[in-house]
Amino acid sequence: MHQCSFRCNGGFGMAVDTGFKLIGKKSSIIEFKPASQELRPTLDRIVIKLEQIRKDLKLPHGLEACLYNAPLPHIGLGSGTAITLAAIEALLIINRYDYTSQFLQVLSGRGGTSGVGLHSYFTGGFVFDTGIQSENKPHLPSALVEPNKIPTLLFQKSYPFGDIVFLYPKGMFNNFGQQEADFFNAITPIAKIDSFEACYNAIFMVSASLADKNYETFIEAIDLIRNTAWKLAEVQYSGSNVKNIFSMLENEHVKGIGMSSMGPGVFIFSRKNKKVIRDVKEKYDLNEILLKPNNTGRKLEYV
């Protein structure tokens, strides 16, 4: 995220199972059956994309899609990417259209800055990508970047350390759209040394500890990432409650905690903190999800 003429963006993350399913069947039109009101703007945009794909590929059938257990948008679980990829894949399957994973990724229009959601959809596990070629342009949120190339996947490993606790506020946060664009405009580019520190940690601590299946080093690395300049800025932007949640967890010696993407969701990798988590949930009125690692990628079933 510093001024660089070689590569920019990139990141790491992992695939988790929230119980989300998309069930699709042939239709004369493209539509999503009733879903949560919070998801409706996302689904409206996806319908427009699917209609354009159907037109461009001259597909005879539309898609009626039903969502089950879809994560809410903008809480840090990548729901937009997951639903987009699943819906496009369902449309292609229904029409018996041959495709590759790369073709599906291109059709999605996702991955303007990081390929975590794109790659992990197919591979599962923990992925680390090196972003895109830098053109010395201003840094922008992924939603405002139309990708001309899929971010390069550098590293993929199964996540071996068990379930992850995920906490998020019950109210909606303004951490996307114009607000996110304003944040990028104010914060980037960051100092070169801050970018180097984050990259070193991501490669030689987070990725290396996963390859070695070293839980203690992984937990330490996650805590160090939380205190890098970029992440501190994201936390500051996400609202004071996230900082206060971190402080409360730290005071109780909870390790391996961080904020997903732009937040406001907080993940906890460390174990045996049930009472502390319960206290934090009650104090800050949070929802809790137990995320199960998905080390295989998406699954297809036919009826």
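This text follows some backbone and surface features through a predicted model.

The first topic is backbone geometry. Most residues other than glycine have a negative phi, and most peptide bonds are trans. Against that background, three places in the model deserve attention.

His74 lies in the loop that runs between strand E6 (62–68) and helix H2 (79–94). Phi of His74 is near 65°, a positive value in a residue that is not glycine. The relative accessible area of His74 is 31%, and His74 is therefore classed as partly exposed, a label for values between the 20% limit for buried and the 50% limit for exposed.

Arg96 is located in the loop between H2 and helix H3 (101–108). Here too phi is positive in a residue other than glycine, with a value near 50° for Arg96. Arg96 has a relative accessibility of 76% and so counts as exposed, since that term applies over 50%.

The loop between helix H5 (178–187) and H6 contains Pro189. The peptide bond between Thr188 and Pro189 is cis, with omega about -5°.

The second topic is the surface. Helix H6 covers residues 192–212 and includes Tyr200. With a relative accessible area of 53%, Tyr200 is exposed, because the cut-off for that class is over 50%. Tyr200 joins Ile203 and Phe204 in making a nonpolar surface patch of about 340 Å². A residue must have over 30% relative accessible area to be part of a patch, and the 53% of Tyr200 is therefore sufficient on that criterion.

Definitions and conventions. Residues numbered from 1 in each chain as written. Predicted model: local features only at pLDDT ≥ 70, side-chain atom pairs only at ≥ 80, totals over all residues. Heavy atoms only, no water. Patch = residues over 30% accessible without salt bridge, like charges linked within 9 Å, V, L, I, M, F, W, Y side chains within 5 Å. Areas by Shrake-Rupley, 256 points an atom, 1.4 Å probe, with all protein chains shown as cover. Salt bridge = Lys/Arg side-chain N within 4 Å of Asp/Glu carboxyl O. Helix = DSSP H or I, 4+ residues; strand = E, 2+ residues; numbered from the N terminus. Buried < 20%, exposed > 50% of the residue type's maximum accessible area, 1.4 Å probe, protein only.
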